[in-house]
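Reader: Hello! Could you take me through one part of this structure in close detail, and then show me how the surroundings are put together?

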Amino acid sequence: MDFRSRGITWHTLFLLFLLFSAIFPLSFSAANQPHKAKNLATHRLSSSAVFKVQGNVYPLGHYTVTLNIGYPAKPYDLDIDSGSDITWVQCDAPCKGCTKPRDQLYKPNHNLVQCAEQLCSEVHLPTDHNCASPDDQCDYEVEYADNGSSLGVLVRDYINFQFTNGSVVRPKIAFGCGYDQKYAGSTSPPSTAGVIGLGNGRASILTQLHSLGLIRNVVGHCLSSRGGGFLFFGDDPVPTSGIFWTTMLHTSSEKHYSSGPAELLFNGKATKVKGLQLIFDSGSSYTYFNSLVYQAVVNLVSDDLKGKQLTRATDDPSLPVCWKGPKSFKSLSDVKKYFKPLAFIFTKTKNVQMHLPPEAYLIITKHGNVCFGILDGTEVGLENLNIIGDISLQDKMVIYDNEKQQIGWASSNCDRLPNVERDLEGDFPHPYAANLGIFGNGYPASFENIDDQ
């Protein structure tokens, strides 16, 4: 055998091996290396994270979602609020105005967001963001339209997200650790652990998930009139047809969703109520109009009830305007025949209406009366704002599409969740145990510094 010829053959094979390795490096190394976050992010864009929702308009007065935060993960029930963008949980700092026992409060663990971070500047006005030292903690304060508020610090921790394709990821997300809460009005403070802000500000969970490339910049909810429903991040559950779309209105200081102008219809007929700008607010139990609009709508409904078997129930404290019938009402089906539908017609978008059947503006109280679920916003400090609250958003899939700059809705069975491959409330014993082999480095996926990867 010619040894020299054999040597040339092995040398050639070795060169071919090096060339092949350079062209196809993952063929040899992928099994031993974690995927880059950017590769995963591209994969995730076609999916959405979905959460079960609990609650109702009456008697609870709110809808909530449970987020599993930290490692090991602990559950926190949060009020769903599309009218704000900051998510916060009650903080063991210690806490003022907290309603949860101490063992159910969130305890920071060397994970404060620093003042010099870009994210910190997003929760402050430019004139208010001053850092004595770059390493200072990042404070936040969020004030709500009802004069309630939360004050605290921003932290960053793992949050579990179940995707509609069956996988689970746990990015590190920034949120507020609220150690000073104030609640408006004479009602009892909510029993929830905090608020999940669904607004489109840069500090919102939605924007952070989108910035990581995990989802499209879309969020939505479907609140059932029978209680419960679902919340989703991303556009996977959005139907391809049957959605009514209207244009979002934007100002530089607002981080909620609004549209308009809109006109009010009563029983399909035009009224004198025109030019409304409407805020879609899942954090509000009821719908609110400014005083002039409110009084006009009350008059329309009251005048139409004349001669019917309903009288004002002034002794029912549930809501300002209530009626009683010949006998106690047990459900809204008992009173639908007395009331006419309302509707908003959005004048900048041709033929787009939001229909409000009687179920979308009435409740049946524990006293057996029917009450008007549209309230005077000016009277409670909302000034000239007009808010579409949960009562009018029930049994509709509502979509906030920040890429198309549109708000959409469609009648929907909100008791039925989008198809997922695992129990949405399930948790896993280890933060990477359910990641379908995506991460091989033995650590939870944090997606931090994604631009550097």
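**A close look at Asp81 and its surroundings**

Author: Happily! With 7% relative accessibility, Asp81 falls under the 20% limit, so this residue counts as buried. Please keep in mind that the model is a predicted one. Asp81 belongs to strand β3, which covers residues 74-81.

Why look here? The UniProt annotation "active site", from an unreviewed entry, covers Asp81 and Asp281. These positions span 201 residues in sequence, yet no two of their C-alpha atoms are more than 6.4 Å apart, so they gather at one spot. As the annotation comes from the UniProt record, it may be inferred rather than shown by experiment.

Let us go round Asp81 next. Leaving aside neighbours within four places in sequence, Asp81 is in contact with Tyr144, with the run Val195, Ile196, Gly197, Leu198 and Gly199, and with Asp281, Ser282 and Gly283.

Now for the other annotated residue. Asp281 sits in the loop between β16 (276-280) and β17 (287-289). Is Asp281 buried or exposed? Its relative accessible area is 12%, so Asp281 is buried. Not counting residues up to four places away in sequence, Asp281 touches Asp81, Ser82 and Gly83, and also Ile387, Ile388, Gly389, Asp390 and Leu393. One of these neighbours deserves a distance: the side chain of Asp281 reaches the backbone nitrogen of Gly83 at 3.4 Å.

From here we can step out to a sheet elsewhere in the chain. Four strands form an open sheet in the order β18-β19-β23-β22, with antiparallel pairing. The edges are taken by β18 (311-312) and β22 (362-364); each has a single partner strand, so one side of each is left without a neighbour in the sheet. For β18, two bridges make the antiparallel link to β19, residues 322-324. Within that pairing, Arg312 stands opposite Trp323 in β19. A helix belongs to this picture too: α6 (residues 291-305) lies across β19 and β23 (370-372), and runs at about 145 degrees to β23.

Another strand to look at is β13, residues 244-249. Four bridges join β13 to β27 (residues 406-411), and the two run antiparallel. There, Thr247 has Gln406 in β27 as its bridge partner. Two bridges also join β13 to β14 (residues 257-266), again in an antiparallel arrangement. In β14, Ser258 is the bridge partner of Leu249.

Thr246 lies in β13 as well. With a relative accessible area of 3%, Thr246 is buried. The side chain of Thr246 makes a polar contact of 3.0 Å with the side chain of Ser259. Beyond its neighbours within four places in sequence, Thr246 is in contact with Ser259, Phe346, Thr349, Gln405, Gln406, Ile407 and Trp409.

Finally, here is the chain as a whole. The protein chain has seven helices and 27 strands. Buried residues make up 49% of its 453 residues. Of the contacts with a separation of 6 or more, 68% are between residues 24 or more positions apart. The chain exposes about 22400 Å², and carbon and sulfur atoms supply 52% of that area.

Technical notes:
Residues numbered from 1 in each chain as written. Predicted model: local features only at pLDDT ≥ 70, side-chain atom pairs only at ≥ 80, totals over all residues. Heavy atoms only, no water. Pairing = 2+ DSSP bridges. Contact = heavy atoms within 4.5 Å. Axes fitted to C-alpha atoms, helices over the stretch in contact; angles between N-to-C directions. Buried < 20%, exposed > 50% of the residue type's maximum accessible area, 1.4 Å probe, protein only. Polar contact = N/O pair within 3.5 Å; in protein donor to acceptor, adjacent residues only side chain to side chain. Areas by Shrake-Rupley, 256 points an atom, 1.4 Å probe, with all protein chains shown as cover.
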